[in-house]
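I opened this model to look up a few positions, the cores, the charged pairs and some helix packing. My entries follow in the order I made them.

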Amino acid sequence: MISSIAELISDRIGTMPAGERRAAQTLIASYPLIGLKTVAEFSAAAGVSSPTILRFVARLGFQNYPEFQSALQDELAAQLQSPASRTLNPSSPSGGAVSPMLEATLDNMRETFRHLSDKQLADIAAKLADRRGKTFLIGGRFTDPLARYMAAHLAIIQPNVFHLAGQESVWRDRLIDMGKRDVLVIFDIRRYQDSLVRFAETAHQRGVLIVLFTDQWLSPIARFARHVIAGRTAVPSAWDSSAALFVVAETLIGAVTRQLEADGAKRIRELESLR
């Protein structure tokens, strides 16, 4: 299974010198479009030299800059695929329906967690467990059930957890309640939802910390997010799979529950007494 460039960056950014790290951060912030520009334009945007960009590309495993750009172009084409195009061009032979789907889903989970560090998960869990702020969760057309599921669990173990549902105007009304101590968890996979991008940008401007659950090609919301969880979603189907993201969400729910063990248990007992 070929790693996306975003996944390669996640794996190697810890060993990069400062200049290459700036190049990586610039690419993630405008993924993948800045990488499709010339070396000179990329280097100017990152504030580093052209040789630094070429060393960064080599560190990711590419022989040269054109090869790097070709990989980005392939990813961009994958981002833009619709369910109709995936029906017409299945990604794997159609034999039995269950086995290929099951294997692809399990591979997605393994690859997703291979590119996720324990530190990143711990940092996100710590922020979600911080009771000084509020937590808001929202998703797109097909991913909002994950946001609702995660919110339902977090709301049991701590106060001030809100699932944002309904029309965009309803979400935007909640921006007035969002500030620098708060967290906004967003689920957004291809084809990315413009309304979520607009909402994330405004929340970011208000100082809200954004945690993004997305796919390996990265939602445009990545440029506003403090933490990006890039899960594998492609399966031999017309539809992308959110199974790997669901497991990451459950992993974080478990981690937050452990951090809030005493307070969470007390809250659960009080809730049960009210039923």
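**Entry 1: T135.** I began with T135, which is buried, at a relative accessible area of 3%. The model is a predicted one. I located T135 in strand 1. I then listed what T135 touches, skipping neighbours within four places in sequence: L128, Q158, N160, V161, F162, V183 and V185.

**Entry 2: I138.** I moved along to I138, which lies in strand 1, residues 135-139. Is I138 buried or exposed? I read a relative accessible area of 0%, so I138 is buried, the limit for that being under 20%. With neighbours within four places in sequence left out, I138 is in contact with D144, A147, L164, W171, L184, V185, I186, F187, L196 and F199. I also took a distance from I138 to P17: their C-alpha atoms are 36 Å apart, and the two positions lie 121 residues apart along the chain.

**Entry 3: cores.** I looked up the largest nonpolar core and found 46 residues in it. I5, F56, F68 and L184 have the most contacts inside this core. Helix 11, residues 194-205, supplies the largest share of the core, with five residues. I noted a second core, separate from it, with 30 residues, among them I124, L137, I189 and L245.

I followed up L184, since I had already noted L184 as a contact of I138. Leaving out neighbours within four places in sequence, I list F136, I138, L164, F199, A203, V208, L209, I210 and V211 as contacts of L184.

**Entry 4: salt bridges.** How many salt bridges does a search of the whole structure find? I have 14 in my notes. I looked at three of them.

My starting pair was R110 and D107, whose side chains form a salt bridge at 2.6 Å, N to O. Both residues are in helix 7, residues 98-114, and because they are three residues apart, about one helical turn separates them. I have R110 as partly exposed, at a relative accessible area of 49%. D107 is also partly exposed, at 28% relative accessibility.

My next pair was R232 and E111, a side-chain salt bridge at 3.9 Å, N to O. This pair links distant parts of the chain, with the two positions 121 residues apart. I placed R232 in the loop between strand 5 (227-231) and helix 12 (243-259), and E111 in helix 7. Both R232 and E111 are buried.

I ended with D177 and R174, whose side chains meet in a salt bridge at 3.4 Å, N to O. D177 is partly exposed at 36% relative accessibility, and R174 is partly exposed at 25%. I also checked for shared partners and found one network that joins E7, E111, R114 and R232 through salt bridges.

**Entry 5: helix 9 and helix 13.** I took helix 9 (residues 144-157) with helix 13 (residues 261-273) and asked at what angle their axes cross. The axes cross at roughly 95° and come within 7 Å. I therefore describe helix 9 and helix 13 as roughly perpendicular, the range for that term being 65 to 115 degrees. On the helix 9 side I list A155, I156 and I157, and on the helix 13 side G264, R267, I268 and L271. Sorted by class, this contact has five nonpolar residues, one polar and one charged.

**Entry 6: Q25 and helix 2.** I looked up Q25 and placed it in helix 2, residues 18-29. Q25 is partly exposed, with a relative accessible area of 46%. I paired Q25 with R223, which is 198 residues away along the chain, and the C-alpha separation came out at 9.0 Å.

I stayed with helix 2 and looked up how it packs on helix 3, residues 39-46. Their axes come within 9 Å and cross at roughly 100°, so I entered helix 2 and helix 3 as roughly perpendicular to each other. R22, A23, T26 and L27 of helix 2 make the contact with F42, A45 and A46 of helix 3. I counted the classes here too, as five nonpolar, one polar and one charged.

Key
Residues are numbered from 1 along each chain as its sequence is written. This is a predicted model: local features need pLDDT of at least 70, side-chain atom pairs count only at pLDDT 80 or more; totals for chains, interfaces and linings use all residues. Side-chain values use heavy atoms; hydrogens and water are left out. A nonpolar core is a set of buried Ala, Val, Leu, Ile, Met, Phe, Trp, Tyr and Cys residues joined through side-chain atoms within 4.5 Å. Buried means under 20% relative accessible area, exposed over 50%, partly exposed in between (1.4 Å probe, protein chains only). Helices (H or I, at least four residues) and strands (E, at least two) are DSSP runs, numbered from the N terminus. Contact means heavy atoms within 4.5 Å. A salt bridge is a side-chain nitrogen of Lys or Arg within 4 Å of a carboxyl oxygen of Asp or Glu. Axes are lines fitted to C-alpha atoms, for helices over the stretch in contact, and angles run from 0 to 180 degrees between N-to-C directions. Angles under 35 degrees count as roughly parallel, over 145 as roughly antiparallel, 65 to 115 as roughly perpendicular and the rest as oblique. Ala, Val, Leu, Ile, Met, Phe, Trp, Tyr, Cys and Pro count as nonpolar, Asp, Glu, Lys and Arg as charged, and the others, Gly among them, as polar.
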